[in-house]
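Biologist: Please take me through this one. I want a reason behind each label you use.

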Amino acid sequence: MSTVRVAIVGGGLSGLYAALLLEQKGWRDYVLLEAREALGGRILPLRLGRAPSGASNCFDLGPTWFWPSVQPKFAQLTTELGLHAFAQHASGDLLVERAGEGEPRREAGYFSQDGMRIIGGMNALMTALQDRVDLARIHTDQRVCTLRVAGDEIELTSQNAAGWMTTWRAQHVLMALPPRLADTTLEFVPRLPPELANSWRAAATWMAPHAKYLAVYDKPFWRARGLSGEARSARGPLAEIHNASMPGAQAALFGFFGIPAQVRANVPEDILRAHCRAQLSRLFGPEAAEPLAEGLKDWASDPLTASALDLAEAATHGSAAPARAESGAWQGRVTGIASEWSLRYPGYLAGAVDAAERGVASLLGAANSTRKCEMQ
Ligand SMILES: Cc1cc2nc3c(=O)[nH]c(=O)nc-3n(C[C@H](O)[C@H](O)[C@H](O)COP(=O)(O)OP(=O)(O)OC[C@H]3O[C@@H](n4cnc5c(N)ncnc54)[C@H](O)[C@@H]3O)c2cc1C
């Protein structure tokens, strides 16, 4: 078993972007280990082949927006990768359903932030990154279970879906999975310093308690009634509904569930879907009852995103946990690079990019200073 310079644990945006940054600096001696069958993590597409226009018909079951005015580096990355952004459609009225009221009210529509989306959905970002890295370095269906300090190296043990265990050796590990999952699902031998472990456990995984429902239609029929596709509802099951249509692709609406994760867990998915269709039909008209396709992703029931702790509390963009151990056996061995470790945008896509950049930069910086010391 040969030792690689870096093992990246997790193949979401932060892990894959870190792989690209390493390669750009000439560090090709790394592995990326991803537990799921596919890369992307919280970036999850509902793929529907081609739209009648020929455009890619791919919708987001995970993140949707980025905000260039406050996340300029993320916006710059999308441009460098050749992606095309467009503004969230916001013209038309917003519908508001209050508890105990009959007909939904119409209000002047607004989409307060300058939210932008990407043609082809956020999956286009993952595809662009995958096109630029050495796929031979990436191993999916490898769930890392244990990280063990072994002399100057770290030994990682992973398991695939069939139960086969594999051992990997690396000089450094970039942790590209949420800090809370790192603490609650990985075994560190020896243990992480207790303060560090506690801070990782305390960092809520952004959006982990949430679920999204998405319905695809052949046209945005709600616009003929002067509606934007946005709605807020106290009746549910969806609390916040948005227009998910994309230029060139088919029309779509999506909503975040307002029902808590613990309640959703006890309702069969087909019943949840039926309630979503009924709500969309109540709000936007009978055409909404018959989508061409649907998607439902409950992130709270996905153990590669959410832990029991995420279900017990309201998620907030907290302050980032420390990304590395300052003393003990793990000092200089592991660096956290998932979004929740970002100091500037914890929890956001921009945070995954920011944390990966910082993590890779500190790794390269440490390698350069070691080389300088050796030369002196
Ligand atoms: C419903 C929803 C809506 C969102 N909306 C937005 C939005 O509009 N704008 C925005 O900026 N952000 C949004 N976010 C947040 C955004 O998705 C995240 O910030 C970003 O995707 C995090 O990327 P990451 O690589 O840091 O982590 P993740 O995407 O969580 O990647 C972690 C990876 O690690 C893998 N993994 C876990 N455990 C192991 C293990 N033991 N071994 C190996 N691999 C493992 C996972 O499978 C996963 O692929 C949303 C999130 C959700 C769920």
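Modeller: Start with the ligand. Of the 35 residues around the ligand, the nearest are Ser14, Glu34, Arg42, Ser339 and Gly347. This is a predicted model, where local features need pLDDT of at least 70, side-chain atom pairs count only at pLDDT 80 or more, and totals for chains, interfaces and linings use all residues. Residues are numbered from 1 along each chain as its sequence is written, and side-chain values use heavy atoms, without hydrogens and water.

Biologist: What makes a residue count as near a molecule?

Modeller: One of its heavy atoms must lie within 4 Å of the molecule.

Biologist: What makes the pair between Gly347 and the ligand a polar contact?

Modeller: A polar contact is a pair of N or O atoms within 3.5 Å; within protein, one must be able to donate a hydrogen and the other to accept it, and residues adjacent in sequence count only if both atoms are side-chain atoms. A backbone N or O atom of Gly347 is 2.5 Å from a ligand oxygen atom, so the pair falls within 3.5 Å. Polar backbone atoms of Leu13 and Thr64 each lie 3.1 Å from an oxygen atom of the ligand. The protein buries 98% of the 1000 Å² that the ligand exposes when taken alone. Those areas come from the Shrake-Rupley method with a 1.4 Å probe; for residues, only the protein chains shown count as cover.

Biologist: Why is the ligand said to lie between domain 1 and domain 2?

Modeller: Because both domain 1 (1–43 + 122–204 + 318–376) and domain 2 (44–79 + 86–121 + 209–304) give residues to the shell around the ligand. The bounds come from an automatic or database domain assignment. The C-alpha centres of the two domains are 32 Å apart. Contact means heavy atoms within 4.5 Å, and 19 residues of domain 1 are in contact with 25 residues of domain 2.

Biologist: Why is Thr335 called buried?

Modeller: Buried means under 20% relative accessible area, exposed over 50%, partly exposed in between (1.4 Å probe, protein chains only). Thr335 has 2% relative accessibility, so Thr335 counts as buried. Its side chain also makes a polar contact of 2.8 Å with the side chain of His172. Among the residues that Thr335 touches, not counting those up to four places away in sequence, are Val173, Ala323 and Gly359.

Biologist: And what is Ala361 called, at a relative accessible area of 45%?

Modeller: Partly exposed, because 45% falls between the two cut-offs. Ala361 lies in helix α9.

How values were computed
Helix = DSSP H or I, 4+ residues; strand = E, 2+ residues; numbered from the N terminus.
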